Amino acid sequence: VSTEIAGLAPRLTVDPAAIERELSALWMAEAEARQRHGLPKPLSRTLLHSLIVVTRDRAGSDLACQVATALNPRQPGRTIMVEATEADPEDRLEAWVSLQCTVPRDGHEQVCGEQISLEARGPAAVRRLPGAVLPLLLTDVPAFMWWQSGRPFGQSLLKDLAPALDRLIVDSFTFAQTAQGIREIQQAIADPHFAAIVSDLSWARLAPWRYLTAQIFDAAPVRPYLARLREVEIQSYAGPPVLAWLYAGWLASRLGWTLVQRDGDSLVTQQGSVIRFETVPSVGEVLPGYFTGVRLVADGGATFEVCRLGPGHTVTRQDIGELHTERVVPLRQESLTEWLGHELARLGPVPTYDAAVRLLATAL
Amino acid sequence: MLDTLTANPLREGLQVERMPEPNAVVIFGASGDLTKRKLVPALYNLELEGLLPNGFAVVGFARRPIPDAEFRQQMLEGINAFSRNRPAQPEVWEAFSQKLHYCPGNFDDPAAYQQLAALLNTLDEEHGTAGNRLFYLATAPEYFPVIIQQLGAAGLNESPAGGWVHVIIEKPFGRDLSTARDLNRTVQSVFREDQVYRIDHYLGKETVQNILVFRFANGIFEPVWNRNYVDHVQITVAEAVGVEGRGGYYDTAGVIRDMIQNHMLQLLTLVAMDPPVAFDANAVRDEKVKVLRAIHPIAPADVDQFVVRGQYSAGSVGGKPAPGYREERGVAPGSVTETFLALRLHLDSWRWAGVPFYLRSGKRLPKRSTEIAIQFKQIPLSLFGRTSGSAIEPNLLVLNIQPDEGISLRFNSKLPGSIVQVRPVNMDFRYGTSFGVPAPEAYERLILDCMLGEAALFTRDDEVEAAWTFVNRLLEGWERLRAAELPTYEAGTWGPRAAHDFIEADGRRWRRL
C-alpha cells in the first residue's frame with residue numbers, strides 16, 4: 001500500500017471557511033479524476049475522527065505527518081497538525097490543506113484522509129490557534145489530541161482546547177521527568193473539570209506484554225498462582241524507566257497490591273511481594289527503555305516468563321513442577337503508527353491505566 | 001480479596017476480554033482438503049494473533065498411517081499455500097509444529113479411539129491441555145454417525161479432568177429432514193446439545209455478523225423493518241464458478257442443498273428475525289428458529305408456482321468459455337440437478353405478513369455477488385410527476401456481503417438546475433474505506449468461538465430441522481417433476497428466462513448486479 005497526496009492546496013491565511021472550501025475542492029477534483037480514469041466506484045468520504053497533533057518543531061511535524069498518513073488506510077480521519085513556535089518575532093498564522101489517498105491494491109477500496117496543517121509563529125499567533133482549530137473539528141465524531149512530545153499539562157493550548165476533546169493522548173516515554181509527568185497525569189485523571197480521557201502511548205507500547213502475561217493465567221489450573229506471586233523481575237533496555245514502571249503499576253493494581261516502598265531498583269508491596277527492575281544494554285534497532293521481558297515467581301518455585309526472542313517475537317514459558325510449556329508468538333509491530341492506532345480505536349475510559357497511574361503516583 | 005479462581009484479573013481492560021481454556025483440537029479427516037486449506041491455517045493464524053491458549057495441541061486423525069513429521073510437513077505446505085498470513089514464520093512454526101500430532105486409525109475401529117484417548121491424556125501432561133477437547137468432524141458426511149458413536153463408546157464425550165468437550169460437525173447436516181433427524185438423534189445419544197456446534201461457515205463472515213449489529217445497534221432501521229414500509233426483500237448468492245471439481249458431490253446436492261438449505265436460509269433468518277432478548281447463543285437462535293418456522297409451507301404440488309430451477313449450458317463467464325453443467329467432470333450426462341434456483345417465500349408473522357422474500361442462487365452467473373436488498377414501498381403520491389421519463393424509484397437498502405462488503409442506501413435527489421428533475425443516488429458505506437483492517441477468516445472466528453463455548457454462530461438442532469422441513473417440501477414436489485426438462489441458462493447469464501418471468505409476474509424485477 002502506498003500513499004499519494006491527491007491534492008495539495010496553496011498556503012492560506014487561516015480562515016476556517018476557506019479551508020473547508022479548499023478541502024471540498026480537493027475531494028471533487030479527486031472524484032472527477034476517478035471518473036476520467038473510468039474507475040467503476042465513486043470515491044466515498046468516510047472520516048472516523050478529528051485528530052489534533054501538537055508538535056514541537058518541524059522534525060516532529062514531519063514524523064507526525066508520516067504516522068497520520070500511514071494510519072489513513074485503516075482509520076481515516078481529519079488530521080489537524082499544529083506547529084506552534086512562541087519564541088519567534090513574527091506574528092503569522094498560516095494553513096495549508098491536503099487530501100491523502102491510499103493507492104489501493106487490486107480489489108481494495110481507495111481510502112482518503114484530510115490533513116490541515118496550521119503553523120503559528122510568535123506569541124500572538126499562538127494565542128489565536130485555539131480559535132482556528134475549534135471550527136475545524138468535524139461534527140459528531142470523536143476529537144483526539146495527540147501531544148507528541150513532553151508534558152502538556154499547564155500549556156495554554158491544551159487548556160483552551162480540552163473542553164472540545166474526547167481524549168488527550170500523551171507519550172510519557174518522551175517526558176523528561178517521568179515521575180513528575182506521571183503525577184500530572186494522575187492529577188488530570190482525578191480532576192473533575194478536565195473532561196477529556198487521558199491515555200498514553202506507553203500504555204499501547206505495553207499492550208502486547210500485558211496481553212501475553214494475562215494469557216498465562218487464563219488457564220484455570222494456573223490462575224491460583226496469581227495469588228502466590230512473590231517476585232516480579234521486570235527487564236528493560238537502559239533508558240526511560242516508564243514502561244517498566246507502568247507494567248509494575250498495572251500488575252500491582254490488578255492483583256490488589258499496595259506499593260509501600262521504593263527501594264533502589266525495586267518496589268515492595270504491603271502484601272510482601274517484591275518487584276525488581278533490571279536494565280540491560282540496548283542492542284540492535286530496539287530503542288532505549290523498551291521492555292525486554294518479565295519473570296514472575298510464585299511460592300514453591302513455579303515460574304512464568306514472557307521475553308523478547310530476537311527481533312519481532314516473544315517467547316512465553318511456564319514451569320510448574322514437571323510441566324514445562326513454551327510458545328512463540330510474533331510481537332506486534334513496534335511503531336508509533338501501531339500505538340497511535342491502538343489509542344484512536346478506543347473511545348471509552350481506560351480504568352486499568354488510571355488504576356496503574358494512581359498506584360504509581362503514590363509510590364514514585 | 002483477589003478472586004483468582006473465577007476470573008483472571010489481568011484480563012480486565014484488554015482488547016480481547018476472553019481467552020479459551022487450554023485444549024486439544026482433534027481433526028477427523030486430517031488428510032482431507034479442508035484440514036490443509038482451511039482448518040490448520042486457521043489455527044496457525046489464531047496462534048499468530050496470540051488468540052490460542054498456552055496449553056494447546058492439535059491431533060490429526062485419518063486412516064493413512066504417517067508419522068507426526070510427515071503430517072507436520074503437509075500442514076506447513078497447506079499454510080504456505082493457503083493461509084492469509086503466508087509463508088509461515090519460521091520462529092512461530094517451529095514452536096507451533098511441536099504441538100501437531102497424528103493418530104492413524106479407521107473411523108469405525110474402537111482400538112483407534114483408545115489410542116486417541118491415550119494420546120490425548122499424554123498431551124494433557126506434556127502440553128498442559130487440561131482435559132479440554134474439541135473434536136472437529138471434517139470428513140465426508142457418511143462418517144459422522146460412526147465417529148460420534150465411537151467417541152461415545154471410548155468415553156471421549158466427557159473430559160477426564162472435568163473440563164469441556166465440544167464437537168464441530170461440518171455441513172451438510174443431513175440430505176433431507178429424515179436424515180438430519182437421524183443424525184441429530186445419533187449425535188444427541190452421545191453429546192448434550194450444548195456440546196454440539198453445527199458449522200455453517202457463512203455465519204463466520206464478518207459482514208454476515210454485521211447484519212445483527214446494523215439492525216440492532218442502530219435505532220433508525222427497526223421502526224421501518226416490517227410490512228408497513230418494506231415492499232419486498234431480495235437475497236442473492238451468485239457464483240461465477242462452476243462445480244470446480246466437485247461434480248460428483250454437487251450432482252447429488254444441487255443448489256438447494258449446497259446453498260439454500262444452509263447459507264441462504266441463514267441470511268433470511270438474520271434479516272427477518274425479531275430482536276433477541278440478549279446477544280447470547282440461545283436467545284439469538286430462538287429468534288432465528290421462529291423465522292424458519294414462520295415460513296409459509298409450500299405444498300409439494302404447488303412447488304412450480306414458487307420456485308424456478310435452471311441448469312447452466314455452455315457459455316462464457318468473464319470472457320472465458322465455460323462448459324455446460326452436464327459436461328462437467330463427475331456429473332451424470334443426463335443430470336437433472338439444478339444449478340440455479342429462484343424462490344419466493346412468505347413469512348407468516350405480524351412483522352412480515354404479505355412481504356415476499358425472493359431468493360436466488362446459482363452457479364456460472366455473470367459475477368460473484370452476495371447481497372440482501374430491502375426494497376421499501378413506493379411513496380404514496382408523487383409531487384414531482386414523471387421526471388426524465390421515469391417514475392420515482394423506491395428507496396432501497398442493500399447489505400453487500402461479498403465481494404464488496406458494505407451497505408448502501410438509495411434515495412432520490414434533485415438534479416441541479418432550474419427545473420425539478422429527480423434522480424436516484426446511492427449513499428455508500430464500504431468497510432474497506434472505513435476499516436482497512438483485514439477481517440479474520442470465517443473458520444478462525446468459528447473455531448475460536450467453539451473453544452470459548454460461544455454457540456451463537458452455530459446452528460442448533462431445531463434450527464437445522466426447521467430449515468429441512470421447509471426444503472423437504474420442495475424436494476418432494478420436485479420428485480414429481482423429475483421427468484420434466486429443466487430450463488437451461490447459458491453460462492454467464494443471470495439464470496433462465498423463466499426466473500425473470502417469475503418475478504415480473506409479481507410486478508417486480510431482479511436487481512441488476
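Is A:S335 buried or exposed? At 16% relative accessibility, A:S335 counts as buried. Bear in mind through all these views that this is a predicted model.

**View 1. A:S335, a buried serine in a loop of chain A****.** Here we zoom in on the loop that runs between β17 (323-330) and α8 (336-344) of chain A, where A:S335 is found. Its relative accessibility of 16% puts A:S335 in the buried class, because buried means under 20%. For a sense of distance, look for A:G264, which is 71 residues away from A:S335 along the chain. The C-alpha atoms of A:S335 and A:G264 are separated by 31 Å.

**View 2. The largest cavity and the residues of chain B closest to its centre****.** Rolling a probe the size of a water molecule over the atoms shows where empty space is left. In this structure, five cavities of 30 Å³ or more turn up. The largest one has a volume of about 160 Å³. It is lined by 16 residues, and the closest to its centre are B:D200, B:Q261, B:N262, B:T459 and B:V464. Two helices of chain B, α8 (247-272) and α13 (461-481), each supply at least two residues of that lining. Of the elements involved, α8(B) gives the most, with four residues. Sort the lining by class and you get seven nonpolar, four polar and five charged residues.

**View 3. B:T269, a buried threonine in helix α8 of chain B****.** Stay on helix α8 of chain B and find B:T269. With a relative accessibility of 0%, B:T269 counts as buried. A polar atom of the B:T269 side chain sits 2.6 Å from the backbone oxygen of B:Q266. Set aside the neighbours within four places in sequence, and B:T269 is in contact with B:K288, B:V291 and B:L292.

**View 4. A:Q215, a buried glutamine in contact with chain B****.** Now switch to helix α6 (residues 201-216) of chain A, where A:Q215 is found. A:Q215 is buried, with a relative accessible area of 3%. Its side chain reaches the backbone oxygen of B:G50 at 2.5 Å. Leaving out neighbours within four places in sequence, A:Q215 touches A:R327 in its own chain. From chain B, the contacts of A:Q215 are B:R11, B:M19, B:G50, B:L51, B:L52 and B:N54.

**View 5. B:F306, a buried phenylalanine in helix α10 of chain B****.** B:F306 lies in helix α10 (residues 303-306) of chain B. At 17% relative accessibility, B:F306 counts as buried. Neighbours within four places in sequence aside, B:F306 is in contact with B:I298, B:A342, B:L343, B:R344 and B:F502. Also worth picking out is B:L474, 168 residues from B:F306 along the chain, with 9.4 Å between the two C-alpha atoms.

**View 6. Two cis peptide bonds in chain B****.** Most residues other than glycine have a negative phi, and most peptide bonds are trans. The bond from B:K171 to B:P172, though, is cis, with omega near 0°. You'll find B:P172 in the loop between β5 (165-169) and α6 (177-190) of chain B. The bond from B:Q402 to B:P403 is cis as well, with omega near 5°. B:P403 has its place in the loop between β14 (396-402) and β15 (406-414) of chain B.

**View 7. A:D140 and B:A130, with positive phi****.** A:D140 is not a glycine, yet its phi is positive, at about 65°. The loop to look at is the one between α3 (123-133) and β7 (143-147) of chain A. A:D140 is exposed, with a relative accessible area of 78%. Over in chain B, B:A130 also has a positive phi, near 60°. B:A130 has its place in the loop between α4 (110-127) and β4 (133-137). At 24% relative accessibility, B:A130 counts as partly exposed.

**View 8. B:C103 and A:C65, cysteines in a structure with zero disulfides****.** A search of the whole structure finds zero disulfides over all chains. Why does B:C103 have no bond to the closest cysteine sulfur? That sulfur is in B:C450, 20 Å from the sulfur of B:C103, which is too far for a bond. B:C103 is buried, with a relative accessible area of 4%. In chain A, A:C65 is partly exposed, at 24%.

Key: Residues numbered from 1 in each chain as written. Chains lettered and ligands numbered in written order. Predicted model: local features only at pLDDT ≥ 70, side-chain atom pairs only at ≥ 80, totals over all residues. Heavy atoms only, no water. 1 Å grid on protein atoms, 1.4 Å probe; cavity = no way out; pocket = protein on both sides within 12 Å on 5 of 7 lines; lining within 4 Å. Points joined across faces, edges and corners; volume = space filled by probe spheres on them. Nonpolar A, V, L, I, M, F, W, Y, C, P; charged D, E, K, R; others polar. Buried < 20%, exposed > 50% of the residue type's maximum accessible area, 1.4 Å probe, protein only. Polar contact = N/O pair within 3.5 Å; in protein donor to acceptor, adjacent residues only side chain to side chain. Contact = heavy atoms within 4.5 Å. Disulfide = S-S within 2.5 Å.
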